[in-house]
Amino acid sequence: MSQENKKIDFKSTVVDKKACSITLDIEVSPETAQKEVNEAFESLQRQARLDGFRQGKAPINIVKEKFSNEAKDKTVENIIKGTVFDALGKEKFSPIEFPVIEDVKFEIGQALKYRFTAECHPSFDIKDYKGISVKKEIFKITDKSLAQSLDALRERNAKLVPSKKGVVEDESFVSVDYEAFDNGVALPEVTAKNHMLDLGSENTVKGFKGALKGAGIGDERDAQVKYPADYPNKTLAGKTITFKTKVLEIKEKELPELNDDFAKDMGTENLEDLKSKVKEAVESEEKRRQDMEVEKQIVEYLVDKNKFDVPQSLVAHQQEKLIERMKEYMHKQGAPKDYIEKQAELGQEKFKEEAEKNVRLSYILNTIYTNEKLEVTDQDLEEEKNKMKASNPGRDEAVEKYFTEHKANISLSLKETKLFKFLLDNAKIKEEVKEMPLKNS
């Protein structure tokens with residue numbers, strides 16, 4: 001009889017049982033455990049290669065002497081495999097994955113005892129997912145908001161030209177050399193040459209702004225900068241640093257005129273065509289904002305209305321993903337490794353809350369999808385493929401290859417789209433039209 005089909009006698013005791021988890025103590029008698037020990041030694045004897053004996057012919061007493069630890073480990077492994085799922089079956093408990101084994105106690109000739117914890121998917125009744133009341137703010141584009149968008153486009157296409165006044169002002173772009181000092185001690189690693197400072201940017205340190213204002217080319221100024229204790233650069237953290245700065249160049253932005261020539265540079269026929277294209281882009285972005293905000297309200301409602309326990313192992317996996325995503329982002333921003341690790345540690349609780357919410361939401365959405373018999377059909381996938389081909393003319397072969405390699409992810413995306421369309425179609429949406437708010441200048 002194979003190990004998978006063999007029945008092992010055992011006693012089981014429920015130590016703890018919750019909505020999504022169960023903890024059991026298992027005990028196997030000395031007699032039953034010994035049978036497994038004997039079988040383990042027989043198996044080892046068949047495989048053993050010992051000096052002076054052909055494979056499988058070594059005396060059992062020598063095998064027991066040399067391989068007692070191996071036999072013990074094999075016995076524990078076989079008994080756990082042969083009892084853990086039978087124990088769960090007695091409790092009518094279907095685990096998500098193999099249980100966590102702990103507190104194993106066994107010596108040859110004695111009873112074998114161990115404890116394990118298993119988790120299952122939650123059982124819950126989905127509530128109130130039809131007729132969800134949501135508020136949809138629709139921002140209407142006005143002449144002023146369109147003009148602001150056009151000005152932003154001009155800003156993005158501005159050129160830097162030498163300053164007409166020749167002195168540093170609040171919005172100047174200043175090229176400088178600087179050296180850093182900590183109480184008179186030079187910090188060579190913080191030295192910079194021909195470094196460009198955008199004094200109009202919120203990210204530029206105030207100490208530089210105040211020190212350089214009114215300076216001309218060739219002027220030297222000292223800038224005092226106080227860094228917080230948790231500043232990522234440990235060389236500067238918690239210190240007041242003096243930057244000895246020399247102005248090399250002073251520049252200012254020169255915005256292109258809003259005319260037909262500028263419009264043609266942007267790839268449109270004329271100014272009116274540019275205005276139309278910018279308006280379309282703003283309206284498209286506004287629609288995305290509206291959809292995201294409505295979906296956010298629906299998600300928050302569903303999570304708030306459906307409270308149930310979820311498997312903590314899934315929460316832990318999701319939490320780990322969120323932390324790794326944060327670490328990767330901070331690494332790309334150039335943050336030091338020790339700072340990243342510290343932020344990950346400080347954010348453990350916040351990430352756990354977010355992870356638990358994500359896991360619960362996944363159960364909720366999948367249940368709605370199943371209840372409403374929604375599905376992604378072959379026709380849905382074909383239509384999606386044709387859309388991609390239409391937006392990528394001449395690349396049919398590349399699109400076919402992409403769909404073959406990413407069919408599962410594309411199906412998931414279509415599933416989510418179909419699900420939220422269902423929720424939106426069944427929601428009570430109250431629209432409120434407002435003028436597009438102007439951005440602070």
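About 390 Å³ of space lies in the second largest pocket of this predicted model. Let's start there and work outwards.

Which residues sit nearest the centre of that second largest pocket? They are Leu361, Ser362, Leu365, Glu416 and Phe420, out of a lining of 14 residues. Three helices, α7, α10 (348–371) and α13 (407–425), each chip in at least two residues of this lining. Sorted by class, the lining has 7 nonpolar, 3 polar and 4 charged residues.

Now for the largest pocket, which has a volume of about 930 Å³. Its lining is made of 32 residues, and the ones nearest the centre are Gln148, Ser149, Asp151, Ala152 and Lys439. Here α4 (143–156), β11 (240–254) and α7 (271–305) each supply at least two lining residues. Which element gives the most to this lining? That's α4, with 8 residues.

Here are the two pockets side by side:

| Pocket | Volume | Lining residues | Nonpolar | Polar | Charged |
|---|---|---|---|---|---|
| Largest | about 930 Å³ | 32 residues | 11 residues | 8 residues | 13 residues |
| Second largest | about 390 Å³ | 14 residues | 7 residues | 3 residues | 4 residues |

Helix α10 deserves a closer look, since we've already met it in the lining of the second largest pocket. The helix has 24 residues and runs 35 Å from its first C-alpha to its last, close to the 34 Å expected at 1.5 Å a residue. Plenty of names turn up on its list of buried residues, including Phe351, Ala355, Val359, Arg360, Tyr363, Ile364, Thr367, Ile368 and Tyr369. Leu361 and Leu365 are buried too, and both are among the residues nearest the centre of the second largest pocket. A handy rule helps when you read such a list: an α-helix has 3.6 residues a turn, so residues three or four places apart point the same way.

What do the buried residues of α10 pack against? Their partners are α7, α8 (312–332) and α13. Just past the end of α10, Lys373 takes a positive phi of about 55°.

Finally, hop back to the start of the chain. Strand β1 (residues 11–17) pairs with strand β2 (residues 21–28) in the antiparallel sense, over 6 bridges. Together β1 and β2 make a hairpin, with 3 residues between them. If you want a spot to find in the 3D view, look for Lys11, which stands opposite Glu27 in β2.

Key:
Residues are numbered from 1 along each chain as its sequence is written. This is a predicted model: local features need pLDDT of at least 70, side-chain atom pairs count only at pLDDT 80 or more; totals for chains, interfaces and linings use all residues. Side-chain values use heavy atoms; hydrogens and water are left out. On a 1 Å grid over the protein atoms alone, a cavity is a set of points where a 1.4 Å probe fits but cannot get out, and a pocket is an open set with protein on both sides within 12 Å along at least five of seven lines; lining residues have an atom within 4 Å of a point. Grid points are joined across faces, edges and corners, and a volume is the space filled by probe spheres set on the points. Helices (H or I, at least four residues) and strands (E, at least two) are DSSP runs, numbered from the N terminus. Ala, Val, Leu, Ile, Met, Phe, Trp, Tyr, Cys and Pro count as nonpolar, Asp, Glu, Lys and Arg as charged, and the others, Gly among them, as polar. Two strands pair if DSSP finds at least two bridges between them. The expected span of a helix is 1.5 Å times one less than its number of residues. Buried means under 20% relative accessible area, exposed over 50%, partly exposed in between (1.4 Å probe, protein chains only). Contact means heavy atoms within 4.5 Å.
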